[in-house]
Amino acid sequence: MELQLNTNNKKRLVVGMSGASAAILGIKLLEIMKEQPQWETHLIITKGAEMTITYETGYTLEQVTSLADKVYDIKNIGDSIASGSFRTEGMVIVPCSMKTVAGVACGYSDNLLLRAADVTLKERRKLIIVARESPLSTIHLRNMLTLSEAGACIIPPMITYYNKPLSLDDMNLHIIGKILDQFGIEVPGLKRWGEESSI
Ligand SMILES: Cc1cc2nc3c(=O)[nH]c(=O)nc-3n(C[C@H](O)[C@H](O)[C@H](O)COP(=O)(O)O)c2cc1C
């Protein structure tokens with residue numbers, strides 16, 4: 001396995017997109033990260049996410065992958081992000097399917113996204129899981145509890161009302177703001193409770 005050192009002084013964020021609904025959240029997050037000069041994104045997309053990107057958004061796969069600094073083959077479980085020695089600030093899985101939740105919760109790392117998440121947990125780095133399903137079964141809830149107990153942060157893409165969203169874009173932006181807050185990344189236009197006179 002080739003080891004890469006973080007020589008350009010940029011912080012690395014691993015972004016996983018799996019086959020839950022809300023592919024647009026992963027895409028918008030990548031668009032915002034592209035404007036962050038101190039950061040680079042390392043993207044892995046599952047086959048399920050390729051389907052939701054096509055069904056749910058007007059983006060092509062090529063347009064999505066072009067937003068990332070580096071794109072990985074989901075089947076290549078020996079690539080750099082499969083090793084803890086490859087330095088990253090953490091990982092976000094957005095959106096995260098219940099299948100991928102189950103895989104991470106069980107340490108069943110049979111693709112590169114699952115392996116990267118497993119590594120993130122074992123290295124005690126930040127793992128953000130934007131888990132989406134409704135309703136949630138007891139199995140889903142148990143798996144999410146397991147992940148939370150293991151140190152992951154579960155951020156379901158829940159609608160907020162206090163920011164008075166006027167559009168789907170407003171709602172998406174608020175969710176992405178909550179995700180990137182976990183890494184200290186400020187999302188322009190995010191309406192925070194108590195900080196805006198209009199709220
Ligand atoms: C249009 C579409 C929407 C889906 N939405 C969800 C969802 O919201 N949550 C979920 O857990 N699975 C959802 N699925 C099912 C997953 O894509 C499926 O379980 C897949 O095997 C997940 O694999 P992955 O996690 O490797 O991407 C959806 C599938 C499709 C085609």
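Here is a quick tour of the sheet, the ligand surroundings and the nonpolar core. Keep in mind that this is a predicted model. At its heart for our purposes is an open, parallel sheet of 6 strands, running in the order 3-2-1-4-5-6.

**The sheet**
- Strand 3 (70-72) and strand 6 (153-154) sit at the edges with a single partner strand each, so one side of each has no neighbour in the sheet.
- Helix 5 (residues 112-122) packs on the sheet and touches strand 1, strand 2, strand 3, strand 4 (90-96) and strand 5 (126-131).
- The direction of helix 5 makes about 135° with that of strand 4.
- Strand 1 (residues 11-17) pairs with strand 2 (residues 39-45) in the parallel sense, over 7 bridges.
- If you want one pair to look at, Gly 16 has Ile 44 in strand 2 as its bridge partner.

**Around the ligand**
- The ligand has 16 residues around it, and the closest are Ser 18, Gly 19, Thr 46, Gly 48 and Met 98.
- Helix 2 (47-56) and helix 4 (98-106) are the elements that give two or more residues to this shell.
- Helix 2 gives the most, with 5 residues.
- Sorted by class, the shell has 8 polar, 5 nonpolar and 3 charged residues.

**The nonpolar core**
- The largest nonpolar core counts 55 residues, and Val 15, Val 94, Ile 129 and Val 130 have the most contacts inside it.
- Helix 1 (residues 23-34) gives the most to this core, with 8 residues.
- Leaving out residues up to four places away in sequence, Val 130 touches several others, including Leu 25, Val 92, Val 94, Cys 96, Ile 155 and Ile 179.

Notes:
Residues numbered from 1 in each chain as written. Predicted model: local features only at pLDDT ≥ 70, side-chain atom pairs only at ≥ 80, totals over all residues. Pairing = 2+ DSSP bridges. Helix = DSSP H or I, 4+ residues; strand = E, 2+ residues; numbered from the N terminus. Contact = placed C-beta atoms within 7 Å. Axes fitted to C-alpha atoms, helices over the stretch in contact; angles between N-to-C directions. Near = placed C-beta within 6 Å. Nonpolar A, V, L, I, M, F, W, Y, C, P; charged D, E, K, R; others polar. Core = buried A, V, L, I, M, F, W, Y, C linked by C-beta atoms within 7 Å. Buried ≥ 20, exposed ≤ 12 C-beta atoms within 10 Å, placed from the backbone.
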